[in-house]
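Work through the exercises below with the sequence and the structure open. Each task is followed by a solution in steps.

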Amino acid sequence: MNEKNKSTHISLQLYPNDCQYVTLPNHKFPPKKGWKKRNLNEIRSVIPGSVTELFVKEGGMVKKGTPLLKYEAMKMENIVCAPADGRISKVCVEVGASFPKGILMISWE
Amino acid sequence: MKNKIETLRASKSRLQLGGGEQAIAKQKEMGKLTARERIEQLLDPDTFCEYDLFIRHEAREFGMENKELPGDGVVIGTGKIYGKKVAVFAQDFTVVGGSLGYMHAKKITKIMDYALNMRMPLIGINDSGGARIQEGVNALAGYGDIFYRNTLASGVIPQLSVILGPCAGGAVYSPALTDFVFVVDGISKMFITGPEVIKTVLGEEIDMESLGGARVHCETTGNAHFFARNEAECFQQIRDLIKYVPSHNEEAVSSLNTDEKISKKIIDIEQIIPVDPTKPYDVREVIREITDDGEFIEIQELFAANIVIGFGKMGGKTVGFVANQPMVLAGVLDCDSSDKAARFIRYCDAFNIPIVTLEDMPGYLPGIDQEHAGVIRHGAKMLYAYSEATIPKITVILRKAYGGGYIAMNSRHLGADFVFALPTAEIAVMGPEGAANIIFRKEITAAENPAEMRKIKVQEYKDKFANPYVAAGKGYIDAVIEPNETRDYILNALQLSENKQILSPKKKHGIPPF
């Protein structure tokens with residue numbers, strides 16, 4: 001095979017009956033993650049940024065619409081509010097720390 | 001004669017019942033209206049005129065030849081919406097699941113040809129189980145004929161698709177080729193391969209709603225443009241949209257109505273936009289302040305909400321709005337928002353609808369996932385669409401206009417006819433913090449107190465560049481205006497550019513970065 005067509009994810013299948021069958025995956029396919037149903041009891045970061053203020057503590061009760069934290073991303077301050085009533089079971093972020101997209105910030109029950 | 005007429009009436013009412021009482025009851029059980037009820041709700045009362053009711057199907061195998069399929073599972077005709085002529089087809093799920101056979105497709109292509117030749121909008125109501133398997137390749141040929149006409153009519157007449165039932169496999173590509181797709185919660189289902197096939201082939205489990213329900217297509221895939229909670233709301237949305245779009249691409253554009261009453265609207269944009277650039281607000285409020293009577297019809301409200309697109313009227317004329325939404329993801333440009341805006345800009349350009357761009361964004365979103373998702377290719381679509389568009393293009397810079405985003409958001413350099421800026425505008429290569437860190441790196445690191453020095457330098461940069469006057473000094477901005485003068489300046493610009501003509505180099509067509 002041509003050197004430049006080789007990829008790190010090549011899968012080669014050989015058959016003994018004089019024939020060689022080759023299957024190549026799409027280069028983009030292997031790193032893809034499986035689909036997961038969204039957990040509605042978690043708030044994840046939707047954009048890279050940093051938390052500038054935390055309004056709630058673990059174990060605290062919140063009502064729908066209560067501000068949970070303020071976070072700065074792309075030069076804008078955003079206030080994240082509780083999407084439903086519940087008790088905060090975990091706060092996974094600290095004030096001042098920056099984080100990428102998709103990390104768990106707060107979960108509740 | 002009486003007898004003949006009686007026979008005609010009898011067979012008409014039999015055929016109009018579609019799949020019969022039982023099938024209709026089943027359709028109702030699924031919470032759906034019948035094809036004819038849908039058309040009735042969509043059109044002005046008593047304007048519908050049906051064609052091809054007596055069509056006979058072509059299936060000659062598997063015992064199908066003896067079956068009667070009323071209308072071959074689709075209703076076609078013409079009617080009016082707010083007095084505007086429209087062509088309609090509606091698939092009838094009560095007749096063999098609305099499956100598409102040869103004559104079924106022939107009927108659809110017939111009404112498409114009518115719409116294209118008579119230059120009127122086409123509305124297609126989809127509710128079908130897919131290709132009629134008994135008709136084999138004839139059914140596939142039918143789909144192909146429809147796709148071909150969708151493409152031919154694209155940019156000539158507005159094409160609207162309404163998904164009111166399943167729409168799976170090849171069938172989804174007709175809606176995807178049309179301008180606007182309407183879906184209803186709990187009723188619409190669109191996918192190429194259903195949950196069963198996905199489970200068999202890949203072992204992944206998912207239910208129909210999570211795979212291709214109305215919400216998924218409005219929020220995640222961007223395939224649908226309008227989300228409704230029920231069919232009645234959906235038909236009202238279509239009627240509203242028809243008010244804004246022209247019947248065809250060469251429709252004579254009416255002059256701007258500069259009536260005293262309309263132009264003397266009291267607006268208060270000053271109160272909406274915070275001076276502090278780190279504070280978000282809802283840009284749709286600004287749009288509503290600018291349009292006649294505060295009316296604005298938003299398109300793809302739930303998809304890539306960091307950019308807002310839609311139609312409003314100004315001086316009685318339809319205007320397309322493209323605006324960054326600081327309230328969502330800080331209003332950044334990313335793959336999806338560029339895609340969404342670019343297609344809308346091309347729509348407006350095709351139908352001679354002027355575009356007003358409201359700009360307030362920090363630039364393109366950085367990140368590995370964005371880069372690997374092809375933000376270069378997607379972002380380029382927007383540059384292409386704006387540059388290519390020859391309709392009047394007006395930009396108002398509300399606040400932030402940084403970097404590549406400044407160029408992309410219909411800057412003077414891409415051919416904007418008028419560029420205005422509010423005094424709160426900040427036009428620069430990047431935000432003050434980032435810029436100061438780079439320009440004054442040496443000073444900052446050498447200082448006794450780097451944090452203090454950084455603060456001073458950021459302020460210095462802000463004073464120098466975080467304003468509209470540098471760009472205005474170069475003529476890139478035509479006027480720095482007061483927030484509450486925005487509507488008047490836009491109205492005036494629209495009036496001035498009514499006869500705009502741009503001579504583009506001759507070519508067959510460009511190659512946009514699709």
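The exercises that follow concern a predicted model, and they go from the overall form of one chain to single residues, sheets and the contact between chains.

**Exercise 1. Overall form of chain B**

Task: Find how many helices and strands chain B has, and decide why its radius of gyration does or does not agree with that of a compact globule.

Solution:
- Step 1. The secondary structure of chain B comprises 21 helices and 17 strands.
- Step 2. For 514 residues, a compact globule would have a radius of gyration near 24 Å; the value for chain B is 26 Å, which agrees.
- Step 3. Along the principal axes, the C-alpha atoms of chain B fill a box of roughly 100 × 60 × 45 Å.
- Step 4. Of the 514 residues in chain B, 47% count as buried.
- Step 5. Take the contacts in chain B between residues at least 6 apart in sequence: 74% of them join residues at least 24 apart.

**Exercise 2. Domains and core**

Task: State which domains are assigned to chain B, and which residues have the most contacts inside the largest nonpolar core.

Solution:
- Step 1. The assignment divides chain B into domain 1 (2-244), domain 2 (260-429 + 467-496) and domain 3 (432-465).
- Step 2. Between the C-alpha centres of domain 1 and domain 3 of chain B the distance is 62 Å.
- Step 3. The largest nonpolar core contains 144 residues, and B:Phe182 and B:Ile345 have the most contacts inside it.
- Step 4. Leaving out residues up to four places away in sequence, B:Ile345 touches B:Val322, B:Ile355, B:Ala385, B:Tyr386 and B:Ala389.

**Exercise 3. Buried or exposed**

Task: Classify B:Lys4, B:Asn352 and B:Asn410 as buried, partly exposed or exposed, using 20 or more C-beta neighbours within 10 Å for buried and 12 or fewer for exposed.

Solution:
- Step 1. B:Lys4 belongs to helix 1 (residues 2-16) of chain B. Its count is 8 other C-beta atoms within 10 Å, so B:Lys4 is exposed.
- Step 2. B:Asn352 sits in the loop between helix 13 (335-350) and strand 13 (355-361) of chain B. It has 17 C-beta neighbours inside 10 Å and therefore counts as partly exposed. Its phi is positive, about 55°, although B:Asn352 is not a glycine.
- Step 3. B:Asn410 is placed in the loop between helix 16 (403-408) and strand 15 (418-421) of chain B. With 30 C-beta neighbours inside 10 Å, B:Asn410 is buried. Phi of B:Asn410 is also positive, near 45°.
- Step 4. For a whole element, take helix 7 (residues 195-202) of chain B: the number buried among its 8 residues is 0, so helix 7 lies largely in the open. Just after helix 7 of chain B comes B:Gly203, with a positive phi of about 75°.

**Exercise 4. Strand 2 of chain B**

Task: Determine which strands pair with strand 2 of chain B, and over how many bridges.

Solution:
- Step 1. Strand 2 (residues 74-81) of chain B has 6 of its 8 residues buried, and is mostly covered.
- Step 2. Strand 1 (residues 49-51) of chain B pairs with strand 2 in the antiparallel sense over 3 bridges. Here B:Glu50 stands opposite B:Gly77.
- Step 3. Strand 3 (residues 84-91) of chain B pairs with strand 2 over 8 bridges, again antiparallel. B:Ile81 has B:Lys84 as its bridge partner.
- Step 4. The hairpin of strand 2 and strand 3 of chain B has 2 residues between the strands, and B:Tyr82 takes a positive phi near 50° in it.

**Exercise 5. A sheet in chain A**

Task: Give the strand order of the open sheet of 4 strands in chain A, and name its edge strands.

Solution:
- Step 1. The order is 3-10-8-5, with antiparallel pairing.
- Step 2. Strand 3 (42-44) and strand 5 of chain A are the edge strands, as each pairs on one side only.
- Step 3. Strand 5 (residues 61-62) and strand 8 (residues 86-91) of chain A are joined over 2 bridges. A:Met61 has A:Arg87 as its bridge partner.
- Step 4. Between strand 8 and strand 10 (residues 104-108) of chain A there are 3 bridges. A:Lys90 is partnered by A:Ser107, and A:Ile88 stands opposite A:Trp108.

**Exercise 6. The contact between the chains**

Task: Describe what each chain gives to the contact.

Solution:
- Step 1. Chain A gives 13 residues and chain B gives 16 residues.
- Step 2. On the side of chain A, the largest share, 3 residues, comes from strand 7 (residues 76-81).
- Step 3. By class, that side of chain A has 7 nonpolar, 2 polar and 4 charged residues.

Definitions and conventions: Residues are numbered from 1 along each chain as its sequence is written. Chains are lettered from A and ligands numbered from 1 in the order in which they are written. This is a predicted model: local features need pLDDT of at least 70, side-chain atom pairs count only at pLDDT 80 or more; totals for chains, interfaces and linings use all residues. Two strands pair if DSSP finds at least two bridges between them. Domain bounds come from an automatic or database domain assignment. Two residues are in contact if their C-beta atoms, placed from the backbone, lie within 7 Å. Ala, Val, Leu, Ile, Met, Phe, Trp, Tyr, Cys and Pro count as nonpolar, Asp, Glu, Lys and Arg as charged, and the others, Gly among them, as polar. The radius of gyration is taken over C-alpha atoms; the globule rule is 2.2 Å times the number of residues to the power 0.38. A nonpolar core is a set of buried Ala, Val, Leu, Ile, Met, Phe, Trp, Tyr and Cys residues joined through C-beta atoms within 7 Å.
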